[in-house]
Amino acid sequence: MITLVNHGVIYKDGEICDAKKTVSAKKKTISYKILKAHNVSDSNEKLNLKFDEITSHDITYVGIIQTAKASGLKQFPIPYTLTNCHNSLCAVGGTINEDDHAFGLSAAKKYGGAYVPPHLAVIHQFMREERAFCGSMILGSDSHTRYGALGTMAIGEGGPELVKQLLDKTYDIDYPEIVAVYLTGKLRRGVGPHDVALALVAATFKSGYVKNRVLEFIGEGISSLSMDYRNGIDVMTTETACLSSIWQTDEKTEEFFACHGRKKAYKKLAPEDGAYYDRAIVINLSEVEPMIALPFHPSNAYTIRDFLSRPYELLKEVEENGKKLLKNGKGDFHLTDKIVDGKVYVDQGVIAGCAGGLYENIAEAAEILNGESVNGENFTLNVYPASQPVYKALIDGGYIGSLMEDGAIIKTAFCGPCFGAGDVPRNNGLSIRHTTRNFESREGSKPSEGQLSCVALMDARSIAATARNGGAITSALDTEYKTRSKKYRFDDKIYNTRVYNKIGKGETGEPLVYGPNIADWPEMEPLKEDLLLKVVSVLTDPVTTTDELIPSGETSSFRSNPLKLAEFALSRKDPEYVKRAKQVKEEGFPKDVSYDKDKTTYGSVVCAIKPGDGSAREQAASCQRVLGGVANIAQDYATKRYRSNLINWGMIPFICDKNEFEVGDLVFVKGIRSAIENGVHEVSAKVTGKNGDREIKLKIGDLTLPERQIILKGCLINFYKD
């Protein structure tokens, strides 16, 4: 199904073969040409990128605009699209979500941007339909910013990186390795885009095979995939931990743009003969089977056939991992009772968002059900079309009426099921979802309060087959049905009527509209000559997600208020963290140490193995900073974007070979300011704890000059103020 080729290859005569790297061959990839066109540095290795467009949703745009405003923003220098698909329910915290939306609309008016009202489209579907174009680069403050199938190299990052673009600065990275994803064969009926995506994630994530690299999709197998399939696979590349993605384009890409009234957005993109790739992934589409990603990660994936051959073994493992999440003996968690007479029964199915809510996924799900009613007593099916144009096309095709008659509940465009603000299952419930993620508690449960449910990821086709089979997990490959999908037709009147679009036409006299929950960032101090850290949390999981650092779900409503949001930091992973961090900040410099208070920065530190997988949310770092954090110490960082978030909030991303810290340890680093100023990559530190003192080495790693200056100033806001 999938083969990893862990050495250089060239693409020649439509095939890939072993080869050595040459400068000329490296320049023949699609990726090289796009990166070169957007690089404003004099180096082909140290890139300073400027993007064509940026985009944010309603969890992130308030903080971004507030930060940019504090740093001197006068107008949006490039197209900026503000969407509203995360806090669109307006169901938590009174008026505060709609207050954020009012702020977003006022910002689009004042600075010259586009504003997409709630329920009209999820962020990535709108950008696909209206803003992506071949050969471009788009930066988004959501980790699933991926439009590679449309010829757009898109990257998801924390908000401060968008602030830099708004202030006419650059996105700075080393030239990434390029990985060929070579597709052959053709998918069988019943196998969907999520099956391909989950197989790819399972094959690459745990080993870090494509971490911070660019995936370039090539090969004759692409031609057999529709654009919905390509977009559905592409958006899930985020879960491989790659930097970005790009696909060769063809007449189907051209047809997509023409259908959406943007024929000029198309350009043929293809690697030149002899293009060199640093490594390759070969996917034989003909061999891909329906997949299931068990809790608690998209990479924990198996074929449904394999899963159903040993359900007790695999569910027992998930059950044991789930029990570890419950704190202080609260609650219980069990999954093996889902097995009845050899079948595995689930409670809920959801098809939603930028991965699941696409026209073909929902249309084919309707064709699979085709009059077979969903078991309403023990199993529910919820469907969220990704945009109102998709919704209308499904209505026009008769699919919505058919799904309703079969017992499915149809809802508006909303990202809630992906991040824990929609369709939270019952305690001990198991939901199957065609969405992007199934991290622990991302579906909205609260293990610290004895609540725990979980999500398994599956393609819409197998979810429909499961619904047809009374909630017993069923592969669509084993289900008889006819495919009669009607051609998709896009209605641009829907957006023309409701979207505010004044890109490049700001009205500077317009006021920003504030609500009582929209607060400014607190003051943050510059780094002093020495550094004293108090360890306030030690995380020992192999990987810590941003969901664990700052939970999603109902906390999203407080993203516009840094101090209120910080109260939720690490609440599901280490409930005592906030209390400890506050004590460090409030009690001030310890009296029982001999270090010079006037020349020493004192603050808290979180120690972990590999933090930062998952969402791009900057708040995973900023909440620590607001609570007095000044560093992380980790063995590695799961993503570039989390490390960048730490830096942009003035926190030092230390690396230590071993995580042998205890809560309460003091870590002293002499001369840290000078070390950062001079680009020193490693410093000595003294750890004082229960068992006495010891010396360790802390690596700082390679920092660009602007990154060093941001840390020295205390945060990106201070840097741009000065």
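1. Cavities. Searching the whole of this predicted model turns up eight cavities of 30 Å³ or more. The largest cavity has a volume of about 210 Å³. If you would like to find it on screen, start from His 57, His 86, Asp 142, Arg 442 and Ser 615, the lining residues that lie nearest its centre. In total, 20 residues line this largest cavity.

2. Character of the lining. What kinds of residue surround the largest cavity? Its lining divides into nine polar, six nonpolar and five charged residues.

3. Overall build. Stepping back to the whole chain, the secondary structure comes to 26 helices and 34 strands. The radius of gyration is 25 Å, close to the 27 Å that the globule rule gives for 722 residues, so the protein is as compact as a globular protein of that length. Along the principal axes, the C-alpha atoms fill a box of roughly 75 × 60 × 60 Å.

4. The five-stranded sheet. One open sheet holds five strands in the order β1-β15-β11-β12-β13, and its pairing is mixed. Why do β1 and β13 each have one side without a neighbour in the sheet? Both β1 (2-5) and β13 (244-247) stand at the edges with a single partner strand, so one side of each is left without a neighbour there. On average, neighbouring strands of this sheet are turned by 20° against each other, direction ignored.

5. A closer look at one edge. A general reminder may help here: strands of a sheet pair through backbone hydrogen bonds, in either a parallel or an antiparallel sense. Strand β12 (residues 214-218) pairs with β13 in the parallel sense, over four bridges. Within that pairing, Phe 217 has Trp 247 of β13 as its bridge partner. Helix α2 (residues 30-38) lies across β11 (178-184), β12 and β13, and runs at about 115° to β13.

6. The six-stranded sheet. Another open sheet has six strands, ordered β9-β8-β5-β6-β7-β25, again with mixed pairing. Which strands form its edges? They are β9 (153-156) and β25 (500-501), each of which pairs on one side only.

7. Inside the six-stranded sheet. Strand β5 (residues 53-56) and strand β6 (residues 80-82) are joined in the parallel sense over three bridges. Here Ser 56 stands opposite Leu 82 in β6. Helix α3 (residues 61-70) packs on this sheet and touches β5, β6 and β7 (114-115). The direction of helix α3 makes about 140° with that of β6.

8. A cis peptide bond. For backbone details, have a look at the bond from Pro 295 to Phe 296: this peptide bond is cis, with omega near 15°. Where does Phe 296 sit? Phe 296 is found in the loop between β16 (291-293) and β17 (301-303).

9. A positive phi. Asp 423 is also worth a glance: its phi is near 60°, a positive value in a residue other than glycine. Asp 423 belongs to the loop between α16 (416-419) and β23 (430-434).

Key:
Residues numbered from 1 in each chain as written. Predicted model: local features only at pLDDT ≥ 70, side-chain atom pairs only at ≥ 80, totals over all residues. Heavy atoms only, no water. 1 Å grid on protein atoms, 1.4 Å probe; cavity = no way out; pocket = protein on both sides within 12 Å on 5 of 7 lines; lining within 4 Å. Points joined across faces, edges and corners; volume = space filled by probe spheres on them. Nonpolar A, V, L, I, M, F, W, Y, C, P; charged D, E, K, R; others polar. Pairing = 2+ DSSP bridges. Helix = DSSP H or I, 4+ residues; strand = E, 2+ residues; numbered from the N terminus. Axes fitted to C-alpha atoms, helices over the stretch in contact; angles between N-to-C directions. Contact = heavy atoms within 4.5 Å. Rg over C-alpha atoms; globule rule 2.2 N^0.38 Å.
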